[in-house]
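Subject: Structure for you to look at

Hello,

Here is the structure I promised. Please open it first, then read my notes below.

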Amino acid sequence: ARNRPVFTSSHKPRIQTIVGQKKTLQVSDLKTTDSKLSGCLQNKAVFAFSGIGGNKDFFRTVENFGCRLSGFWGFPDHHRYTHEDLEQVQKRAVDSRAELLVTTEKDYARIAHGGFTRSLDLAVIGVDTVFGDEKTAFFEFLKTGIRKSDPRHMTNDPGNKRLTCDH
């Protein structure tokens, strides 16, 4: 569009959650750095699965965590996992001698409440959008656009670094 700024960003994968057999560990609970956390997959045999448009990209992301991929199963984008699908994931993981399952944040949201019984822990990988030096300008651009469209819903707090709405 004319006279509109162009912002650049990158994606930074991170381990969002490690779902254990007895306890779910949220990354925010950890008192560690990203590099140490990323190391929890280092040299481990993992079986990864995903149902996203970029399954190959996720495959490469998992490899970049320094693990040994014992297997990968890419489902179609927006796949609705059945109990049988998840049982097969588990079976393939065990058969491949995986130490850990790995999936995307998006896929975990689809399976988290489905009673998926696992014999392996599950690492959930999310992605942060990083704006670098353009972060402040990008959020100011968004705030300005929202104020113009409906100023009643914006919180006017100059000290607030987050984009917030009243409802």
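A caution before the details: this is a predicted model.

**Helix α3**

I started with helix α3, which covers residues 83-95. The helix has 13 residues. From its first C-alpha to its last it reaches 18 Å, close to the 18 Å expected at 1.5 Å a residue.

Which residues of α3 are buried? They are Asp-85, Leu-86, Val-89, Gln-90 and Ala-93. These residues cover an arc of only 140° around the axis, so they sit on the same side of α3. The general rule helps here: an α-helix has 3.6 residues a turn, so residues three or four places apart point the same way.

The buried residues of α3 pack against four elements: β3 (45-50), β4 (68-74), β5 (100-104) and α4 (105-111). Turn to the face away from the buried side and you find the exposed residues Glu-84 and Asp-95.

**Cores**

The largest nonpolar core has 16 residues. Those with the most contacts inside it are Phe-47, Phe-49, Val-89, Leu-101, Ile-111 and Leu-122. The elements that give two or more residues to this core are β3, α3 and β6 (121-130). Of these, α3 gives the most, with 3 residues. Val-89 thus turns up in two places: it is on the list of buried residues of α3, and it is among the residues with the most contacts in the core.

Another core lies apart from this one. That core has 14 residues, among them Ile-18, Phe-58, Ala-123 and Ile-125.

**Aromatic rings**

The count comes to 10 aromatic pairs. One of them is Phe-7 with Phe-138. The pair is edge-to-face, at 5.3 Å centre to centre and 80° between the planes. Phe-7 lies in the segment before β1 (10-19), while Phe-138 lies in helix α5 (residues 135-149), so the pair ties together parts that are 131 residues apart in sequence.

Are these two rings buried or exposed? Phe-7 is partly exposed, with a relative accessible area of 23%. Phe-138 is buried, at 18%, because the cut-off for buried is under 20%.

A second pair is Phe-75 with Tyr-81. This pair is also edge-to-face, at 4.9 Å centre to centre and 75° between the planes. Phe-75 is buried, with a relative accessible area of 5%. Tyr-81 counts as buried too, at 14% relative accessibility.

Phe-7 and Phe-138 also belong to one aromatic cluster, together with Phe-131, Phe-139 and Phe-141.

There is a charge over a ring as well. Arg-92 lies over the face of Trp-73, at 3.6 Å from the ring centre.

**Backbone oddities**

Most residues other than glycine have a negative phi. Which residues have a positive phi although they are not glycine? His-78 is one, at about 60°. His-78 lies in the loop between β4 and α3. It is exposed, with a relative accessible area of 56%.

Arg-97 is another, at about 65°. Arg-97 comes just after α3, in the loop between α3 and β5. At 71% relative accessibility, Arg-97 counts as exposed.

Best wishes

Key. Residues numbered from 1 in each chain as written. Predicted model: local features only at pLDDT ≥ 70, side-chain atom pairs only at ≥ 80, totals over all residues. Heavy atoms only, no water. Phe/Tyr/Trp six-rings, centres within 6.5 Å; stacked < 30°, edge-to-face > 60°. Buried < 20%, exposed > 50% of the residue type's maximum accessible area, 1.4 Å probe, protein only. Lys NZ or Arg CZ within 6 Å of the ring centre and 35° of its normal. Expected span 1.5 Å × (residues − 1). Arc of directions from axis to C-beta. Contact = heavy atoms within 4.5 Å. Core = buried A, V, L, I, M, F, W, Y, C linked by side-chain atoms within 4.5 Å.
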